[in-house]
Amino acid sequence: MPTTCRHRPPQPGLWTGRAGHGVRPGLDFVRFALAQWRPGTDAAVVDDVLLVAAELLANVADHAGGTLALELRLDPRGERLRIDVTDASRAEPRIFPARAGQPHHRGLRILDHIASAWGCRPHATGKAVWAEIRLP
(Lines give C-alpha, C1' and ligand atoms only; values in the text may rest on other atoms or scores of the structure.)
Protein backbone atom coordinates (compact mmCIF):
# COMPACT_ATOMS: atom_id res chain seq x y z
CA MET A 1 0.00 0.00 0.00
CA PRO A 2 1.49 3.42 -0.91
CA THR A 3 2.29 5.79 1.91
CA THR A 4 1.91 9.54 1.92
CA CYS A 5 3.99 12.08 3.73
CA ARG A 6 1.68 14.31 5.73
CA HIS A 7 4.30 17.05 6.13
CA ARG A 8 5.36 17.40 2.53
CA PRO A 9 4.92 21.03 1.51
CA PRO A 10 2.38 21.60 -1.23
CA GLN A 11 3.50 22.79 -4.63
CA PRO A 12 3.04 26.45 -5.35
CA GLY A 13 -0.16 27.35 -7.10
CA LEU A 14 -0.10 29.53 -10.19
CA TRP A 15 -2.97 31.32 -11.91
CA THR A 16 -2.70 33.67 -14.86
CA GLY A 17 -5.27 36.05 -16.24
CA ARG A 18 -5.92 39.47 -17.71
CA ALA A 19 -6.42 42.53 -15.55
CA GLY A 20 -9.54 43.48 -17.51
CA HIS A 21 -11.38 40.32 -16.42
CA GLY A 22 -11.78 41.49 -12.83
CA VAL A 23 -10.53 39.97 -9.60
CA ARG A 24 -13.12 37.22 -9.15
CA PRO A 25 -11.34 34.45 -11.13
CA GLY A 26 -8.17 35.04 -9.14
CA LEU A 27 -10.06 35.01 -5.85
CA ASP A 28 -11.79 31.77 -6.81
CA PHE A 29 -8.32 30.27 -7.39
CA VAL A 30 -7.08 31.51 -3.97
CA ARG A 31 -10.18 30.19 -2.19
CA PHE A 32 -9.81 26.76 -3.87
CA ALA A 33 -6.06 26.49 -3.13
CA LEU A 34 -6.50 27.48 0.52
CA ALA A 35 -9.31 24.94 0.94
CA GLN A 36 -7.09 22.22 -0.52
CA TRP A 37 -3.96 23.14 1.42
CA ARG A 38 -5.56 24.13 4.74
CA PRO A 39 -9.03 22.59 5.03
CA GLY A 40 -10.97 23.94 7.99
CA THR A 41 -9.16 27.28 8.07
CA ASP A 42 -11.12 29.77 10.14
CA ALA A 43 -13.50 31.88 8.02
CA ALA A 44 -12.01 35.15 9.32
CA VAL A 45 -8.54 34.06 8.18
CA VAL A 46 -9.90 33.06 4.77
CA ASP A 47 -11.55 36.51 4.53
CA ASP A 48 -8.22 38.21 5.32
CA VAL A 49 -6.40 36.14 2.69
CA LEU A 50 -9.06 36.95 0.09
CA LEU A 51 -9.00 40.66 0.97
CA VAL A 52 -5.22 40.84 0.53
CA ALA A 53 -5.42 38.93 -2.77
CA ALA A 54 -8.24 41.20 -3.95
CA GLU A 55 -6.21 44.33 -3.21
CA LEU A 56 -3.17 42.98 -5.05
CA LEU A 57 -5.27 41.98 -8.07
CA ALA A 58 -7.23 45.26 -8.08
CA ASN A 59 -4.00 47.25 -8.11
CA VAL A 60 -2.97 45.51 -11.32
CA ALA A 61 -6.39 46.19 -12.86
CA ASP A 62 -6.34 49.86 -11.78
CA HIS A 63 -2.71 50.75 -12.38
CA ALA A 64 -0.91 48.25 -14.61
CA GLY A 65 -3.37 46.43 -16.86
CA GLY A 66 -2.42 43.61 -19.19
CA THR A 67 -1.56 40.06 -18.25
CA LEU A 68 -0.91 39.12 -14.64
CA ALA A 69 0.19 36.07 -12.72
CA LEU A 70 -0.86 35.18 -9.19
CA GLU A 71 1.29 32.68 -7.34
CA LEU A 72 0.55 31.14 -3.95
CA ARG A 73 3.06 29.42 -1.73
CA LEU A 74 2.45 27.81 1.62
CA ASP A 75 5.54 27.44 3.79
CA PRO A 76 6.51 23.84 4.74
CA ARG A 77 4.95 24.15 8.20
CA GLY A 78 1.72 25.59 6.83
CA GLU A 79 2.10 28.70 8.98
CA ARG A 80 2.51 31.39 6.30
CA LEU A 81 0.89 31.94 2.94
CA ARG A 82 2.70 34.07 0.39
CA ILE A 83 0.77 35.74 -2.42
CA ASP A 84 2.76 37.12 -5.38
CA VAL A 85 1.04 39.11 -8.13
CA THR A 86 3.20 39.82 -11.17
CA ASP A 87 2.45 42.38 -13.87
CA ALA A 88 4.25 44.12 -16.73
CA SER A 89 4.48 47.56 -15.09
CA ARG A 90 7.72 48.74 -13.51
CA ALA A 91 5.93 51.35 -11.37
CA GLU A 92 6.24 50.45 -7.70
CA PRO A 93 3.18 50.66 -5.47
CA ARG A 94 2.94 53.63 -3.11
CA ILE A 95 0.89 54.25 -0.01
CA PHE A 96 -0.95 57.53 -0.43
CA PRO A 97 -2.06 59.77 2.44
CA ALA A 98 -5.60 59.00 3.54
CA ARG A 99 -8.08 61.78 2.87
CA ALA A 100 -11.58 61.95 4.31
CA GLY A 101 -14.23 61.27 1.71
CA GLN A 102 -11.75 59.82 -0.81
CA PRO A 103 -12.63 56.18 -1.48
CA HIS A 104 -9.54 55.44 -3.58
CA HIS A 105 -5.92 54.76 -2.63
CA ARG A 106 -6.69 52.76 0.50
CA GLY A 107 -5.81 49.26 -0.73
CA LEU A 108 -2.16 49.27 0.32
CA ARG A 109 -3.11 50.60 3.75
CA ILE A 110 -5.46 47.64 4.16
CA LEU A 111 -2.77 45.27 2.90
CA ASP A 112 -0.20 46.80 5.27
CA HIS A 113 -2.56 46.25 8.20
CA ILE A 114 -3.47 42.62 7.44
CA ALA A 115 -0.27 41.17 5.98
CA SER A 116 2.61 40.22 8.27
CA ALA A 117 4.98 41.49 5.54
CA TRP A 118 4.70 42.80 1.99
CA GLY A 119 6.86 44.35 -0.66
CA CYS A 120 7.72 44.74 -4.31
CA ARG A 121 10.50 43.20 -6.36
CA PRO A 122 11.39 44.12 -9.92
CA HIS A 123 11.95 41.48 -12.58
CA ALA A 124 12.95 41.52 -16.24
CA THR A 125 9.50 42.36 -17.60
CA GLY A 126 7.86 44.30 -14.77
CA LYS A 127 7.41 43.68 -11.07
CA ALA A 128 5.88 41.39 -8.49
CA VAL A 129 4.05 42.72 -5.45
CA TRP A 130 3.90 40.14 -2.68
CA ALA A 131 2.32 39.74 0.73
CA GLU A 132 2.69 37.14 3.47
CA ILE A 133 -0.11 36.24 5.83
CA ARG A 134 0.37 34.26 9.03
CA LEU A 135 -2.02 31.38 9.33
CA PRO A 136 -2.97 30.32 12.87
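Contact here means heavy atoms within 4.5 Å of each other. Keep that in mind as you look around this predicted model. You'll find an open sheet of 5 strands, a helix, H1, packed on that sheet, and a nonpolar core of 31 residues to which H2 gives the most.

**The sheet**
- Going across the sheet, the strands come in the order E1-E2-E3-E5-E4, and the pairing is antiparallel.
- Strand E1 (13-18) and strand E4 (117-123) sit at the edges, so to speak: each pairs on one side only.
- Neighbouring strands are turned by 20° against each other on average, if you ignore direction.
- H1, which covers residues 24-37, packs on this sheet and touches E1, strand E2 (67-74) and strand E3 (80-87). The direction of H1 makes about 15° with that of E2.
- For a look at one pair, take E4 and strand E5 (residues 126-134), which are joined in the antiparallel sense over 7 bridges. Within that pair, Ala117 stands opposite Glu132 in E5.
- As a general point, strands of a sheet pair through backbone hydrogen bonds, either parallel or antiparallel.

**The core**
- The largest nonpolar core has 31 residues, and those with the most contacts inside it are Val30, Val49, Leu56, Leu70, Leu72, Leu81 and Ile83.
- At least two core residues come from each of H1, helix H2 (43-64), E2, E3, helix H3 (107-114) and E5.
- H2 is the top contributor, with 10 residues.
- Pick Ile83 and set aside its neighbours within four places in sequence: its contacts then include Val49, Val52, Ala53 and Leu56, as well as Leu70, Leu72, Trp130 and Ile133.
- In soluble globular proteins, nonpolar side chains tend to be buried together.

**Helix H3 and its partners**
- Gly107, Leu108 and Leu111 are the buried residues of H3. They're on the same side of the helix because they cover an arc of only 90° around the axis of H3.
- What do the buried residues of H3 pack against? They pack against H2, E4 and E5.
- The axes of H2 and H3 come within 10 Å and cross at roughly 145°.
- That crossing, where H2 passes H3, is left-handed.
- On the H2 side, the contact is made by Asp48, Leu51, Val52, Glu55, Leu56 and Asn59. H3 brings Gly107, Leu108, Ile110, Leu111 and Ile114 to it.

Note on methods. Residues numbered from 1 in each chain as written. Predicted model: local features only at pLDDT ≥ 70, side-chain atom pairs only at ≥ 80, totals over all residues. Heavy atoms only, no water. Pairing = 2+ DSSP bridges. Helix = DSSP H or I, 4+ residues; strand = E, 2+ residues; numbered from the N terminus. Axes fitted to C-alpha atoms, helices over the stretch in contact; angles between N-to-C directions. Core = buried A, V, L, I, M, F, W, Y, C linked by side-chain atoms within 4.5 Å. Buried < 20%, exposed > 50% of the residue type's maximum accessible area, 1.4 Å probe, protein only. Arc of directions from axis to C-beta. Left-handed = near helix turned anticlockwise from the far one by under 90°.
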